[in-house]
Structure formats: C-alpha cells, structure tokens
Amino acid sequence: MKEIGGNTRSLRDSVDWKLVICYLVLVLIGWVNIYAAVHSSEPSSIFDWSCRSGKQAVWILTAFLLDFLILFVINPRMWEVISTPAYLAVVLLLIAVIFLGIEVKGSRSWFALGPVRFQPAEISKITTALLLSMVMSKSTFRMYDRSAFLTVAAIIGIPMLTILCESETGSALVYVGFIFALYREGLSGWYIVFGLIAVVLFVLTLVTNWWISLILLGLLCLGWMVNILRSTYKEERAVRRSALWRTILAFLAGVAMIFATNFIFNNVLQDHQRKRIEVLLGMKEDPAGVGYNVRQSMIAIGSGGFAGKGFLHGTQTTYGFVPEQSTDFIFCTIGEEWGFIGCFTVIILYVLMIIWIINDAEKSRENFTRIYGYCLASCLFMHLFINIGMTIGLMPVIGIPLPLLSYGGSSLWAFSVMIFIFIALDHQEKKYF
C-alpha cells in the first residue's frame, strides 16, 4: 500500500472500531449464554475452566491474543503471499482427518490432540477465502473466461467435496455462500437463480410427484424463451440463439434433476439426513426422535415471549430439554431467557456486522481486500441463515455453529482470525491518506 502525501491516520481513525466492538459484544453474549446453557449440569462458576463456560473463556482470551497479533504485529501483505501454500496445507489436513481423525456424532472431521480437539474444516473457510481473493484480484482475471471460472470452481469445490466425505454436511453447505462473492466479481446472477430453482424442484419432487415438477419447469423455461424472443428481437441472431440454447440446456438439466431426486435422496444421502429432511418437510412425524431437537428448540424460543424468562431462569435450558444447547442450539437459549428482544438484538448485531464489512469492502482500493470482505460476509451470512433456520424449524438439523456465540475453540478461533484479517487489511489501507 502506498502512502499518499506522506501522511498517516491515527489508529483511532484507521481501524473500523464498529466492527471490533460488534465482535466483542457477540463474543460476550455467547460466553454468558454458554454458561446459562450448562449451569445446571455443570454447577460451577462461569470462570471454572473444568466446565464449558470456563473453557470458552480460555478460547476467548487466546482468540483476543490472535486478534492482537493479526491487527498489530503481522504484516497484512503476508495473507496474499501465503494464500496458496496455506490452502494446499489445509486441503491435506482435510484429507488426512478422514483417515486419522476421530468420529464425533457420525462425522470424522476432528483431530484429537490430548484434551483439545481441532477441526480443519473451520480453518479451510479462511484459506479458501484468501486464495479466491488472490486469484480473482489479478488484473488479468475475468469471470466470464472459462478457465478462470473453472479455477475458482475448483478452489471452492475441492475443500467442499472433501468436507462432504467427512460427513460434515453443514460446513460443506457454507461453501455455497461463496457464490455471492463470485457474483460481485462478475458471475452471472442466473447461476444463483438456477441453484434456487434446483432446490425448489428437488423439494417439490419429494413432497408431490415428478410430473408436477416437470410442468413447473416447463412453464418457467417456456416463459423465459418467450421473454428472450420479445426482448432480443433487435439484437444479433447469434445472441438470441445462444440465449435459447442456454435455456434448453437449463431445461434438460432440470429434467435430469427431477428424475435423479429419488436416487439422490435414497442412495446418496445418509439415513439420518433423510430422516431430518422428511421431518422438516412434514413427510413424517418423529417428535421423540429426529424431530426432538427442533421441537424442543421451538418450544424454548416460543416460551421466551417478548422479554424472556430472565438469565438462568429458562426451564427448557435449565432442565436440559434441548440437546447441544451450548453449541448448535445456542440461539434457543437466547430466545428463552432473553425473549424476542434478545433474539432481535443478536440478529441485528450480525446484520450490522455484515453490512459494515460489505461497506468497507466496497470502499477498498485493493481488489484483494474487497473480494476477501465479500467472502467473509458470505460465510457469516450462511452460518447465520442455516443455524437460526435450523433452530426455528426452517432448515434441517445439520450441525453448524452460530459464529462467535456457540461453544467451541475451533469455530471461535476461525471466525476471529477471519474477521481480524479483514480488519487488518482495511486498516492497512485507511491509515494512509
């Protein structure tokens, strides 16, 4: 980064303290609610390192140390330099954990180092974002170029598929969010539309009949072809022909998706994944089995009302009705004890953080910083959307933490590092004017 006019801004003016404060508030909210979720089963002080709240305090302190090093010690230019070797190293860890890792709740995605567990999938989001930013920030990069598109698809697809092999569906699904960063850099919005249509066709085929999905697909494609013929009649014939061929290919892909739905559902998805989808879509009722977590979570959130039952007074939380309440279902603890006000506050904090990240990214003079900011915002959004959707019954239970709030060192460290890399990159640009 070059100095402009030889002047530098003070630390107060060059660091986005809004992001820092938002980060600190979310971490504090998470720590307090982790204690609320475990205080009845682990009766002790919030600082007792032998219980989850005490262990989280250790993770928080170490995360703060990492934040300090990233912001004030490590040269921000280093992140672009190490993006390729870091990505390759983490991909090797993702492969190694399949064979050398331990199995936790059906997922072989953890390394055990004595009492400490480490999940490479959390770090892979950082390295994937860094490599995407490095590749797409080059002056020669063009998203519409086929080789460039295949490159970024491979960067996202390799760790995503490897994580799927670990049976860690939730972490793999987060990688879909990188499409928003690609869209900002020139990817056609139709890829997002086609992805949404594919999901709709998959669900519709499961809950109804294949011919209903086929009729809907036919009507969509027919309407789009009519729109092409109406709106492009003044354009070159080759442009119109290309658009029509893309529509035909999309129709054929949709037909293939419809007829492959049952095979994917019955032969590709695992048994517990099928059951969760069936319960989510109302195809089956299993309130004491697969649907138990979500049912109890919704009861907890609903019982909180407007202002909540008060700190440490949530009955669903105190008596442990919701499994994994300090990790994947931490949001229902907030809903029960702090009510609508608490839930709204947490969601607003996340929304503000995402907006501020995108705003800083758009103001950046460096392509690398801008693209990395969008990757970060995409990861935060996907975690927020999936986790909260899961706790209120709008998404299947796939085991994904709520950033900065859920218990766990791997997740807290990964998001802390990811956020402060962006803050450091942004600080490096703003300190010169």
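Here is a walk through this structure, from model confidence to the small sheet and then the nonpolar cores.

Keep in mind that what you're looking at is a predicted model. The mean pLDDT of the protein is 86, and 92% of its residues come in at 70 or more. The start of the chain is another story: residues 1–6 have a pLDDT below 50, and this stretch makes 11 contacts in the model beyond near neighbours in sequence. Where pLDDT is low, the predicted coordinates should not be read in detail, so take those contacts with a pinch of salt.

Now let's find the sheet. Look for three strands that form an open sheet, lined up in the order E1-E2-E3 with antiparallel pairing. Strand E1 (102–104) and strand E3 (116–118) sit at the edges, each pairing on one side only. From one strand to the next, the twist averages 50°. In general, strands of a sheet pair through backbone hydrogen bonds, and they can do that in a parallel or an antiparallel way.

Which residues hold the partners together here? Start with E1 and strand E2 (residues 107–113), which run antiparallel and are joined by two bridges. Ile102 has Trp110 in E2 as its bridge partner, while Val104 is matched with Ser107 in E2. Then move across to the other side of E2. E2 and E3 are paired in the antiparallel sense over three bridges, and in one of the pairings Phe111 has Phe118 of E3 as its bridge partner. These two strands, E2 and E3, also make a hairpin with two residues between them. In that turn you'll spot Gly114, with a positive phi of about 70°.

With the sheet covered, turn to the nonpolar cores. The largest one has 97 residues, and the members that touch the most other members are Met353, Tyr372, Leu404, Leu405 and Ile421. Helix H17 (residues 367–391) gives this core its largest share, with 14 residues.

Leu404 is a nice place to zoom in. What does Leu404 touch, leaving aside residues up to four places away in sequence? Its contacts are Tyr23, Leu26, Val27, Gly30, Met353, Leu412, Phe415, Ser416 and Ile419. Met353, you may recall, is also among the residues that touch the most other members of the core.

Finally, there is a second, separate core of five residues, and among them are Leu217, Cys221, Val255 and Ile258.

Definitions and conventions. Residues numbered from 1 in each chain as written. Predicted model: local features only at pLDDT ≥ 70, side-chain atom pairs only at ≥ 80, totals over all residues. Heavy atoms only, no water. pLDDT = per-residue confidence, 0-100. Contact = heavy atoms within 4.5 Å. Pairing = 2+ DSSP bridges. Helix = DSSP H or I, 4+ residues; strand = E, 2+ residues; numbered from the N terminus. Axes fitted to C-alpha atoms, helices over the stretch in contact; angles between N-to-C directions. Core = buried A, V, L, I, M, F, W, Y, C linked by side-chain atoms within 4.5 Å. Buried < 20%, exposed > 50% of the residue type's maximum accessible area, 1.4 Å probe, protein only.
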